[in-house]
Amino acid sequence: MKASNPFWKDQLEDQMPPQLAAEIDVFEHELALRRQGKIDERVFAETRLRRGVYGQRYDSGQRHDGIRTRTLAYPEGKPTKGPNTVWDAPGMQRIKIPFGGLNARQLEVIAELAEEYADGVAHVTTRQDFQLHFVHIDDTPTIMRRLAAVGITTREACGNSIRNVTACPLAGVCRDQVFDVTPYAKMMAYYLLGHPECQDFGRKFKIAFSGCKENPCALVRMHDMGFIAAVREVDGALRRGFEVYVGGGLGTVPYQAKLFAEFLPVEELLPLAVAVARVYTKYGEKKNRNTARIKFLVHKLGLEEFKQRVEQERAGLRPDPRWEQMLREIPTYQERPLKDPGLLQITAPRLEGFERWYARNVYRQRQPGYATVTIALPLGDITAAQLRRVADLARKYTRETVRTTVEQNLVLRWVSEADLPALYAELKAAQLAEPVAGSIADIVACPGTDTCKLGIASSRGLAAELRQRLLAQGADQDAAVSNLHIKISGCFNSCGQHHVADIGFYGVSRNKNGYTVPHFQLLVGGQWEENAGSYGLAIGAIPAKRVPEALERFIRRYRSERAFGESFQSFIQRIGKAECKRMVEDLMPVPPHEEDPSFYVDWSDAREFTIGDLGVGECAGELVSPVDFQLAACEREAFEAQLLLEAGQIERAAQTAYKAMMHGAQALLRFKLGAFPEDPEAVYQQFRTHFYDTQLFFDPFAQGKFAHYYFAAHARNGAPHDPESARRQIEEAQLFLEAAHSCYARMLAAPAGG
Amino acid sequence: MAKQPDHINVKIFALEPTPEDLAGAIPVFHRWIQQNAAPELLIDVADYRHVPAGPGVILVGLEANYSLDLTENRLGLLYNRKKPVAGSLEDKLRQAYEAASAACRRLEQEPEFHRKLHFDPNSCEVIFNDRLLAPNTLETFERLRSGMEQFFAELWGRGTFALERVGEPRERLRVRAAVRSSLTPLI
């Protein structure tokens with residue numbers, strides 16, 4: 001779309017690393033071939049994804065405008081960018097930033113790109129990437145060239161590949177670290193980039209590094225593979241290594257990563273990664289993407305068998321000279337300060353607000369006299385002008401030591417403490433000194449329905465609303481609740497990491513009298529600390545418009561009833577999930593449309609909510625259909641399963657979760673066939689025939705995944721459970737029921753007899 | 001070789017007092033999509049009200065975006081032309097200014113903003129949204145000056161206005177144009 005696109009290649013020829021330049025040329029050729037119809041659309045889709053070029057909402061060319069679903073009149077005669085993806089539809093460009101490390105010039109270039117090709121905003125993601133939204137695919141090679149000229153690649157930012165390798169943003173300056181993991185994360189990122197052993201995965205693969213076990217900055221235990229720094233005495237000398245975890249992941253059903261090795265010497269880091277990649281490539285699921293993450297393989301094989309296979313592969317690897325070469329470079333990695341260490345002058349006059357900002361956004365480094373300053377970005381967003389200002393400050397106060405964080409913020413490292421007042425004044429002038437870093441108001445949210453094709457509800461709209469209210473209430477300054485974490489996803493896919501929040505939400509929908517109503521599932525008691533040490537469980541779906549009130553209730557109650565030193569997680573455990581549900585149960589009903597239409601509109605939107613081209617179905621006129629009643633009863637059962645699990649009744653919990661799914665299937669069968677089989681085997685068979693084989697139950701994106709949860713539970717019914725498998729079955733029951741709600745809504749919307 | 005500038009943005013500033021909240025822009029822009037209220041293909045609405053001095057609320061289109069923009073904490077209607085426009089610089093400026101101006105008039109009439117939002121017909125900012133075609137240098141500014149003068153003379157009358165290059169070198173080339181009586185201190 002940009003008239004200057006043809007000129008940039010010549011302009012930047014001498015500035016791009018030849019390898020990156022060549023890769024971008026190849027991508028540009030692929031674009032040309034696709035335009036000529038010479039590459040299959042599916043192949044092209046994966047090709048562009050591996051370059052970070054993502055689709056965006058409404059790129060099918062269809063959009064519900066609040067009244068009806070309309071075809072967006074894009075120019076005709078162009079190919080698709082992938083199945084059902086219009087060429088001219090705006091998309092997203094993800095920019096990979098290994099371990100979040102950036103210099104000033106890189107920030108400036110991202111600012112330029114945000115202005116010239118996107119909407120003026122750069123977005124920091126929960127994987128320390130940047131994203132630009134509303135980008136035209138024809139501009140992407142130029143964007144890549146301008147990034148390459150400053151040493152950034154977008155390669156493998158998306159697709160079935162090794163995603164951005166993340167690391168604690170305090171690595172190297174952290175007071176609790178065992179050692180600085182930064183050079184190891186960097187080594188891993190660049191070693192695996194484009195590695196031939198990592199090109200045939202069934203799904204994406206995420207790696208994280210943490211300098212210590214206790215703090216949450218890298219969330220190692222929710223990763224496909226995670227490394228925690230460790231030292232061990234070997235032959236009288238202290239040696240560096242890592243505690244290694246595999247098979248973690250959030251997604252629809254979260255899995256805690258398993259301890260793969262208590263101590264892996266640093267020399268084995270790269271070989272192990274290749275061996276794991278080989279096992280994943282060889283044995284990982286390829287056809288069904290819903291079970292293709294490595295967590296499913298680890299679960300299927302069992303940890304010991306998985307380990308054995310990795311060890312076998314490791315034994316068969318031919319040594320790669322880069323293993324040693326890259327390790328030799330590790331000691332040369334060093335970050336240095338620009339200024340001498342300094343002390344914060346206690347008596348010097350300071351700008352208003354400095355103390356609050358200092359208390360919340362400043363971290364005293366392990367190196368005396370230096371501090372790391374967090375720049376809290378609302379919903380991870382920063383303007384081009386602000387990026388340039390951060391670049392200026394990075395040059396003025398540091399040796400350009402900037403990092404992104406998984407909490408969607410930026411940090412400036414190695415600031416002399418004596419400079420803090422001056423830096424604060426400059427950040428404040430740039431409207432970048434909001435004193436909320438890591439607080440309850442520093443909400444993490446995925447893009448949700450704003451731009452994501454899979455979003456069900458507006459995670460960012462809700463996050464913006466909650467943020468505004470929490471700040472107005474001063475919750476970020478209330479010692480009792482200020483450190484709670486809120487995380488929001490627009491759907492069950494967990495990109496907002498809702499499972500590891502004190503209070504998490506994910507978007508769902510409910511049918512109400514022929515209308516679809518935006519809701520959020522409420523999860524409480526997840527753990528952000530200890531590298532995402534435990535996951536929260538769902539309490540119930542709350543209409544989107546009543547979520548702020550639900551949150552307020554939890555905050556009020558925790559503030560007034562917590563015991564001295566009691567964490568929110570312990571508090572939730574003490575009062576119990578049943579009580580949690582009681583606290584918000586009265587908020588769950590939705591008033592009729594004619595009484596309060598605002599419930600039928602999502603946050604930050606003005607259109608009547610829809611999850612598709614939904615009309616008024618056959619049941620219109622009934623206040624509540626029998627299916628609605630039955631599905632509500634199933635949700636109660638799923639919730640009871642949680643309570644049983646909480647009480648340590650593992651088998652009963654799993655059995656109850658299974659029954660919730662079976663009753664959900666019964667409800668749908670009753671609606672579709674008028675039949676109401678009682679026998680579990682008959683329910684299973686009929687559901688399979690009428691809902692799975694016909695694909696009626698299929699989610700547009702997850703396909704038959706949720707039905708498989710029911711089938712798997714049916715197949716194993718009677719087999720013993722452990723707490724983890726029971727917890728998973730409960731999660732799966734909840735997701736099956738969400739899918740049942742959606743399926744029911746689709747059946748209602750279908751033309752009579754259709 | 002001097003390349004022809006393209007992708008011209010025009011921001012028409014709002015007059016004080018401006019609305020405290022831009023929430024009203026969300027239903028307005030969604031209605032514009034429903035009503036095909038602009039010549040461009042209108043796609044979606046992006047809400048950036050949470051970003052200080054940011055793009056505010058954007059009506060995203062294929063050929064251009066419209067936004068109630070808060071850059072530099074100054075509210076205005078920004079027309080961001082994305083698809084190249086044929087013709088001379090004056091033609092491109094005219095297209096962008098007229099599109100922005102039409103959107104301003106329409107916004108002023110919308111119930112959410114009626115009597116609450118007024119735009120200044122005597123000043124605007126022109127942004128050349130391409131650092132390669134229009135590098136932010138004095139030389140480019142001088143090269144483009146005559147084309148801009150021709151267009152603004154047509155709009156406001158010859159000799160009645162001033163053009164000033166604003167901002168810092170890393171920004172895109174930005175030119176503030178204002179009828180002399182309405183000149184405000186430039187940043």
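**Helix H9(A), the sheet, the cores and the chain contact**

Student: Which exposed residues are carried by the face of H9(A) turned away from its buried side?

Tutor: In this predicted model, local features need pLDDT of at least 70 and side-chain atom pairs pLDDT 80 or more, while totals for chains, interfaces and linings use all residues. Residues are numbered from 1 along each chain as its sequence is written, chains are lettered from A and ligands numbered from 1 in the order written. Helix H9 of chain A spans residues 303–316 (helices, H or I of at least four residues, and strands, E of at least two, are DSSP runs numbered from the N terminus). Its face away from the buried side carries the exposed residues (12 or fewer other C-beta atoms, placed from the backbone, within 10 Å; buried, 20 or more; partly exposed in between) Glu304(A), Gln312(A), Ala315(A) and Gly316(A).

Student: What arc around the axis do the buried residues of H9(A) cover?

Tutor: The buried residues of H9(A) are Phe306(A), Val310(A) and Glu313(A). They lie on the same side of H9(A), because the arc they cover (by directions from helix axis to C-beta atoms) is only 60°.

Student: Which helices are included in what covers the buried residues of H9(A)?

Tutor: The residues to be covered are Phe306(A), Val310(A) and Glu313(A). Their cover, judged by contacts (C-beta atoms, placed from the backbone, within 7 Å), includes helix H7 (269–283) and helix H8 (294–301) of chain A.

Student: Which strands are the edges of the open sheet of five strands in chain A?

Tutor: The order is S7-S18-S19-S16-S15, with antiparallel pairing (at least two DSSP bridges). S15(A) is joined to S16(A), residues 370–375, by three bridges, and Arg364(A) stands opposite Ala371(A). Pairing on one side only marks the edge strands S7 (101–102) and S15 (362–364) of chain A.

Student: How many residues does the helix that gives the most to the largest nonpolar core contribute?

Tutor: This core (buried Ala, Val, Leu, Ile, Met, Phe, Trp, Tyr and Cys joined through C-beta atoms within 7 Å) has 285 residues, and Met188(A), Phe520(A), Met661(A) and Leu77(B) have the most contacts inside it. Helix H23 of chain A, residues 723–749, gives the most to this core, with 14 residues.

Student: Which element gives the most to the side of chain A that touches chain B?

Tutor: The contact takes 39 residues from chain A and 35 residues from chain B. Helix H1 (5–12), helix H4 (104–117), strand S17 (381–383), H12 and helix H14 (459–473) of chain A each supply at least two residues of that side of chain A. With four residues, the element that gives the most is H4(A).

Key: The expected span of a helix is 1.5 Å times one less than its number of residues. Two residues are in contact if their C-beta atoms, placed from the backbone, lie within 7 Å.
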